[in-house]
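Visitor: Please pick one part of this model and take me through it closely. I would also like to see what lies in the rest of the chain.

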Amino acid sequence: SNCTNSGIDTVGVLTQYQPLVLNEYIGNGQPWDLDKLNGGVHVLPPYQTSIGASWYEGTANAIYQNMSFIERYNPEYVIVLGGDHIYKMDYSKMVDFHVQNNADLTIAVLDISYDEATRLGIMTCNEDMQIIDFEEKPKQPKSTLASMGIYVFSWEKLKKYLIENENANTGSKDFGKDIIPSMLQNNERLFAYSFEGYWKDVGTLDSLWEANMDLLSPNSPLDLYDLKWKIYSRNSNMPPQYIGSNANIENSMISEGSNIDGTVDFSVVFSGVTIEEGASVKYSIVMPGSVIKKGAIVEYAIVGEECVIENNAHIGRSPETIENKDDWGIAVV
């Protein structure tokens, strides 16, 4: 959606682990207006080529294995994006910043807390936002400008470093560990592009749960209802949601095709879910097609697709009921 809204109409999606659901979801890209004769969206799994065949060995190696795809379009600039981040960004503004600074690489950065800085790639910049130092997960961070894993490269420069890195065969073949340090060492022009707004890395179950709960916050900085920057998705073509006379719903998102007769509070309910009378769902995510039966209680949980929570079952527990907070976690079915 960010690509489409930013005017980018040629997108490659690099898949590796369990790609079938993602491939089915993306399809030919029609929901994002990316079903084009020239460009559009392309799913790019690892495959046999003249340069060999292997799983993607790192972020840099994944792009290296798909250089022939990029070369087909002869671009001046290539944007490299992580697939497990939630945010809205106009990439065209970042590309403009890259061009104005005659940069070889521009990295989107977020100002974070000092405690968080030990988990991410950290940039040190001069007054012009030119990067003068980069550290991957430093023990003692020199700044709090963290890489968001969003890069704009000048393609000819990126190609050069990808080939060098592959030939060096360092083992990691990673942007943060190899490409960026090499470019800095060779005095290439690296700049940091400051981003302000909501950004969440959903690489863990806890962060996935938090991101869904963030959508329900009255002060959520991520507006799903902004018609000027729509979030597109594949439509499941289900009938409208049905809210029964016994339903009690507060501050929740209920998707199409759901039948609600129970209590739903501060939860995200996906399409085709049934919540029977007397059932209670609080602070939870219920994935498509699941059934919560009479008397069941689901709280602080993620319920996967097509699950059945039987009568009077109790899934999850409130952190307020736990003496040792370290023992508490999101329940996952």
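**A parallel sheet, and what else the chain holds**

Guide: Strands 11, 14, 17, 20 and 23 make up an open sheet, in the order 11-14-17-20-23, and the pairing is parallel. Keep in mind that the model is predicted. The edges of this sheet are strand 11 (242–243) and strand 23 (308–309). Each of these two has a single partner strand, so one of its sides is left without a neighbour in the sheet.

Inside the order, look at the join between strand 14 (residues 259–260) and strand 17 (residues 274–275): the two run parallel and are held by two bridges. To find the place by residue, start at Asn-259, whose bridge partner in strand 17 is Thr-274.

Now set this beside another open sheet of five strands, with the order 12-15-18-21-24 and parallel pairing. Its edge strands are strand 12 (248–250) and strand 24 (314–315), each of which pairs on one side only. Strand 12 runs parallel to strand 15 (residues 263–265), and three bridges join them. Within that pair, Ile-249 stands opposite Val-264 of strand 15.

Strand 5 (residues 105–111) pairs in another way. Strand 5 and strand 8 (residues 145–154) run antiparallel and are joined by six bridges. One place to check is Ile-107, which has Tyr-151 as its bridge partner in strand 8. Strand 5 is also joined to strand 9 (residues 190–194), this time by five bridges and with the strands running parallel. There, Thr-106 stands opposite Phe-191 of strand 9. Is strand 5 buried or exposed? Six of its seven residues are buried, so strand 5 is largely enclosed by the rest of the structure.

That leads to the nonpolar interior. In soluble globular proteins, nonpolar side chains tend to be buried together. In this model the largest nonpolar core has 32 residues, and Phe-153 and Leu-162 are those with the most contacts inside it. Helix 7 (residues 175–185) supplies the largest share of this core, with five residues. Which residues touch Leu-162, apart from its neighbours within four places in sequence? They are Ala-60, Ile-63, Tyr-64, Met-67, Trp-155 and Ile-179. There is also a second, separate core of 28 residues, and among its members are Trp-32, Tyr-91, Ile-122 and Ile-150.

Nonpolar residues also turn up at the surface. Leu-224, Tyr-225 and Ile-231 form a nonpolar patch there, and together they have about 310 Å² of accessible area. Leu-224 sits in the loop between helix 8 and strand 11, so following the chain from this loop brings you back to strand 11, an edge of the sheet described at the start. With a relative accessible area of 32%, Leu-224 is partly exposed.

Charged side chains are the last topic. The count of salt bridges comes to 11. Three of them can be compared by how open their residues are.

Begin with Arg-119 and Glu-116, whose side chains meet in a salt bridge at 3.9 Å, N to O. Arg-119 has a relative accessible area of 53%, so it counts as exposed. Glu-116, at 33%, is partly exposed.

Next, Lys-173 forms a salt bridge with Glu-166, and their closest N and O atoms are 3.0 Å apart. Here the cut-off matters: buried means under 20% relative accessible area. Lys-173 has 3%, so it is buried. Glu-166, at 16% relative accessibility, counts as buried too. These two residues do not stand by themselves, for Glu-57, Glu-166 and Lys-173 are linked in a network of salt bridges.

The third salt bridge is between Glu-210 and Lys-200, with the closest N and O atoms 3.1 Å apart. This pair links distant parts of the chain: Glu-210 belongs to helix 8 (residues 205–216) and Lys-200 to strand 10 (residues 199–201), and the two residues are 10 residues apart. Glu-210 is partly exposed, with a relative accessible area of 34%, whereas Lys-200, at 16%, counts as buried. Helix 8 is one of the two elements that flank the loop holding Leu-224.

Terms used. Residues numbered from 1 in each chain as written. Predicted model: local features only at pLDDT ≥ 70, side-chain atom pairs only at ≥ 80, totals over all residues. Heavy atoms only, no water. Pairing = 2+ DSSP bridges. Helix = DSSP H or I, 4+ residues; strand = E, 2+ residues; numbered from the N terminus. Core = buried A, V, L, I, M, F, W, Y, C linked by side-chain atoms within 4.5 Å. Buried < 20%, exposed > 50% of the residue type's maximum accessible area, 1.4 Å probe, protein only. Contact = heavy atoms within 4.5 Å. Salt bridge = Lys/Arg side-chain N within 4 Å of Asp/Glu carboxyl O. Patch = residues over 30% accessible without salt bridge, like charges linked within 9 Å, V, L, I, M, F, W, Y side chains within 5 Å. Areas by Shrake-Rupley, 256 points an atom, 1.4 Å probe, with all protein chains shown as cover.
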